[in-house]
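Q: Could you take a close look at the aromatic rings in this model and at the parts around them? I am new to this structure and would welcome a connected account.

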Amino acid sequence: ARDHERADMNGSFLGVVLLALSLSAGRAVAAGPEVFTHPVTLAELQTILAEPNAALSKAAGLRGQFVQKKYLAELPKPLLSSGRFVFSKDHGLCWQTEKPFASEFVLSGEQMISRSGSSESRLSTQGQPALALVSRLFLALVRLDAQPLAEYFQLFAQAGSPWQLGLKARDAGVARAVREGLLSGRAQVERVHITDGNGDRAEITFSASEVLTTLSADERKLFP
């Protein structure tokens, strides 16, 4: 049970915000390590990501399903989890794990909320620089915001079908959250690989994604 609890929190910090990049269901395409032989400038990255950025800019939010594999250094086999997500440009991201057990993780610019059963815990980013960095970092990944990505990461990318984006942390503080990232897709992100500072990895694939013009009443209640 503790391994699953740890995996759930790792999943929250490793990949939860990246799922919002998926604008529709797509065939998963693994990003190969060769992308790290192709460093790019900020301007070049903005050009490569112009299509998915344009699609995301027109949406008020996204909802869909995910399947995630988590590879923890101390475990011989990956842990599997699946569920749904809701992303709102105004309110943040809610990651709802359904299997192997129900839990929720909500990320906004001001706080992080973890829910499991009847319990809920909240962490404010105010007055906590490290937590604020994590929040800013992951929300930049959600929005494919190239400017802060260039601030936090060395950038690598390849245009094409699929395009590939590689990220390597510029300093140890960032590397504790995301040491290395690999994303790939066509009109949208189809697969994400994230490695944290401990060497633990998360692989996420997406399906049944839907662009939202507005949140439902129940979805709005998920956010503070």
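A: In this predicted model, a good place to begin is K168, whose charged end sits over the ring of F156 at 5.8 Å from the ring centre. The ring of F156 also has an aromatic partner, for F36 and F156 form an edge-to-face pair, with 5.2 Å from centre to centre and 65° between the planes. F36 lies in the loop between α1 (2–14) and α2 (42–48), whereas F156 lies in strand β7 (residues 153–158), so the pair ties together parts that are 120 residues apart in sequence. Both F36 and F156 are buried.

Helix α2, at one end of that loop, holds L45, a residue that is buried, with a relative accessible area of 0%. Leaving aside residues up to four places away in sequence, L45 touches V40, A146, L155, A157 and L165. One of these, A157, is 112 residues from L45 in sequence, and yet the two are 6.9 Å apart in space, taken from C-alpha to C-alpha.

The count of aromatic pairs comes to two, and the other pair is made by F66 and W95, which are stacked at 3.7 Å centre to centre with 20° between the planes. Since planes under 30 degrees apart count as stacked, the angle of 20° places F66 and W95 in that class. F66 lies in strand β1 and W95 in strand β3 (residues 92–99), so this pair ties together parts that are 29 residues apart in sequence. F66 has a relative accessible area of 2%, and therefore is buried, while W95, at 1% relative accessibility, counts as buried too.

The strand that carries F66 also has pairing partners of its own. Strand β1 (residues 61–71) pairs with strand β2 (residues 79–88) in the antiparallel sense over 10 bridges, and within this pairing the bridge partner of G64 is F85 in β2. Strand β1 is joined as well to strand β11 (residues 201–212), again by 10 bridges and with the strands running antiparallel; here the bridge partner of Q68 is I204 in β11. In a regular strand the side chains alternate between the two faces of the sheet.

A further charge over a ring is found with R201, which lies over the face of Y71 at 4.1 Å from the ring centre. Y71 belongs to β1 (residues 61–71), and R201 belongs to β11 (residues 201–212).

Methods. Residues are numbered from 1 along each chain as its sequence is written. This is a predicted model: local features need pLDDT of at least 70, side-chain atom pairs count only at pLDDT 80 or more; totals for chains, interfaces and linings use all residues. Side-chain values use heavy atoms; hydrogens and water are left out. Two strands pair if DSSP finds at least two bridges between them. Helices (H or I, at least four residues) and strands (E, at least two) are DSSP runs, numbered from the N terminus. Rings of Phe, Tyr and Trp (its six-membered ring) pair if their centres lie within 6.5 Å; planes under 30 degrees apart count as stacked, over 60 as edge-to-face and the rest as tilted. Buried means under 20% relative accessible area, exposed over 50%, partly exposed in between (1.4 Å probe, protein chains only). A charge sits over a ring if NZ of Lys or CZ of Arg is within 6 Å of the ring centre and within 35 degrees of the ring normal. Contact means heavy atoms within 4.5 Å.
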